[in-house]
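Thank you all for coming. I would like to take a few minutes to walk through one model with you, going from the strands to the interior and then to the cysteines.

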Amino acid sequence: MLSSELPQELHFINFVLKMGKYLMCKRTTLKPTHGKEISEKGKPNLQFEDLPADLICTILSKLPQKEAIRTSVLSSKWRSMWTLRSKISLDGGAVCGSRRRGQNKYCQRFINNVEKVLQNYQGKMVEAFGIKFEFDSILVDNLNKWVSFAVSARTKRLSFDLAPIRFARRDDRFIFPFELLDSGSICRLQHLQFSFISLQPPSWFGGFPNLRKLELNLVHVTRKELENMLCNCCCLEWLSMVRCHLKDDLRVDRPMSHLAYLLISCCVITKIELHATKLSTFIYEGEFVPIVLNHTSKLVNAHIFIFDAIFHHVVASLFHGLPNVHKLTLCIPDLQLENLWSLDNSLKFSCLKHIQLFAHILSHGSDKILYLAYVMRSAPFVEKVEVHFASGHSLWFAQEGPLRHELGHDEYKYLKNLCVTGFKGARGQLEFLLHVVENATALDVITVDTTERMLESDIKNEYLCSIARQTIELHIREAVPPKAKLFVL
């Protein structure tokens, strides 16, 4: 693995180790020099500022901006030491503290503090520059000025994390000034984070050719403008969109050949259609919409959280949209199950190895739990299945629903691990377990837990749980394959 691919925490650990070796080297190899205090052991007393400038810069970069600035009071040598850091992150809450005065005075205080910081960076390169504050129209001129500062400081990572003021108009956003960018800054930017901003790129704008990460939150942009921008971000690896209401399709006709991570959350859109051959992680949270990611041969993890949908409609749609997914997590808070339904036998999740189902079963759905098994039929190579039930009290020992023989015989010959939580002794749950156990001869581990792991605040009734465990022991134990281990919790 290349050094640039290491997580930030590993970089810092690596740095600490290097710093320790450096100090040990100085303590053991340097002889006392003129002007240095000598310790009782005859070795120089080293000061923090004796470290190389690049190590000091790395240390300071790990501190919040406010704490880094506070180091200027340590001594005259430290007065400007904090400006060695190449990252500026100015959070209104940290820079100005709690709001004790009116909005205008609070904004002016933030502006003054930002200007004081930026004065110390004139003519210096700033790798990362970020502003976090509640947007007010009186900030517009200064925000434009700070964009110009980022351009002159040759910034690679730019963040304008703005937020709407309470009770303010949601359509009154900061319009990002594309006209202030020059060709150098457009090519230089690698990471953009925008929140509560309106993107209105001019006709001459051709995208960010070296952009690798784009995070959009509460951003106003039209479908056509977003599509044009994404088509020309040919190096994009990470795309996150939260509460961005296109009210249209999210579609990019050109291949996004480097995109590895895609998050779409709480956005008003009508369809998702992308050509991303290297996509490995896809997260979607929102209303049920068609998802078409047919060319994602390396899709490892797909997390689908849909607010309200009919189960088999979602599964059928995912057949077409995510045929090559390896791990599928499907969560539907208001899960609607229907009676026996058939899928096209030619449609298979041919790469799917791990299924996670989070099923919130209401009282009117307790008689259809067994039909959850249909998603397993469509995954012939599945190795691990998790089903996490949540139901409150409505599912305890519910006796509605069909028997497993109505499903017919299946063979889950690759299934090794089965886990069911939120077991309430309902017939549908018991029949589902028996159906899987009887048709999966290669099972190694079966875990059945009476706790609702889907809910953090599950209040357990120990008496009912003990009866549910007895039900498992009575009906499941004898059906378990000889080599499998059954854990009842």
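Let me begin with a small sheet, in which three strands are arranged in the order S9-S11-S13, forming an open sheet with parallel pairing. At its edges lie strand S9, residues 249-251, and strand S13, residues 291-292, each of which pairs on one side only. Between S9 and strand S11, which covers residues 271-273, there are three bridges, and the two strands run parallel. If you want a position to look at there, Arg251 stands opposite Glu273 in S11.

Please keep in mind throughout that this is a predicted model, and that every value I quote is computed from it.

Stepping back to the chain as a whole, we have 12 helices and 22 strands, and of its 489 residues, 46% count as buried. Among contacts between residues at least 6 apart in sequence, 63% join residues that are at least 24 apart. The accessible surface comes to about 24,600 Å², and 53% of that belongs to carbon and sulfur atoms.

Now to another run of paired strands, which I will take in order along the sequence. Strand S12, residues 281-286, pairs with S14 in the parallel sense over six bridges, and within that pairing Phe282 has Ala302 of S14 as its bridge partner. In a regular strand, side chains alternate between the two faces of the sheet. S14 itself has a covered face made up of Ala302, Ile304 and Ile306, while Asn301, His303 and Phe305 form the uncovered one.

S14, residues 301-306, also pairs with S16, again in the parallel sense, and here over five bridges; His303 has Thr329 in S16 as its bridge partner. S16 in turn is joined by six bridges to strand S18, residues 354-360, and these two run parallel, with Leu328 standing opposite Ile355 in S18. How enclosed is S16 by the rest of the structure? Five of the six residues in this strand, which spans 327-332, are buried, so S16 is largely enclosed.

Helix H9, residues 311-321, is mostly covered as well, since eight of its 11 residues are buried. Among the buried residues of H9 are Phe311, Val314, Val315, Leu318 and Phe319, and also the polar-looking entries on the list, His312 and Ser317.

That brings me to the interior. The largest nonpolar core has 135 residues, and those with the most contacts inside it are Phe129, Phe208 and Phe282. Helix H5, residues 103-119, gives the most to this core, with seven residues. Phe282 is the residue we met a moment ago as the bridge partner of Ala302. For Phe208, leaving aside residues up to four places away in sequence, the residues touched are Phe178, Leu181, Ile186, Leu189, Leu192, Met229, Asn232 and Cys233.

Finally, the cysteines. A disulfide is a covalent bond between the sulfur atoms of two cysteines. How many disulfides does a search of the whole structure find? The search finds zero. Cys235, for instance, is in no disulfide, because the nearest cysteine sulfur, that of Cys234, is 4.3 Å away, whereas the cut-off for a disulfide is within 2.5 Å. As for Cys351, should we call this residue buried or exposed? Neither word fits, because its relative accessible area is 24%, which makes Cys351 partly exposed.

Terms used
Residues numbered from 1 in each chain as written. Predicted model: local features only at pLDDT ≥ 70, side-chain atom pairs only at ≥ 80, totals over all residues. Heavy atoms only, no water. Helix = DSSP H or I, 4+ residues; strand = E, 2+ residues; numbered from the N terminus. Buried < 20%, exposed > 50% of the residue type's maximum accessible area, 1.4 Å probe, protein only. Contact = heavy atoms within 4.5 Å. Areas by Shrake-Rupley, 256 points an atom, 1.4 Å probe, with all protein chains shown as cover. Pairing = 2+ DSSP bridges. Core = buried A, V, L, I, M, F, W, Y, C linked by side-chain atoms within 4.5 Å.
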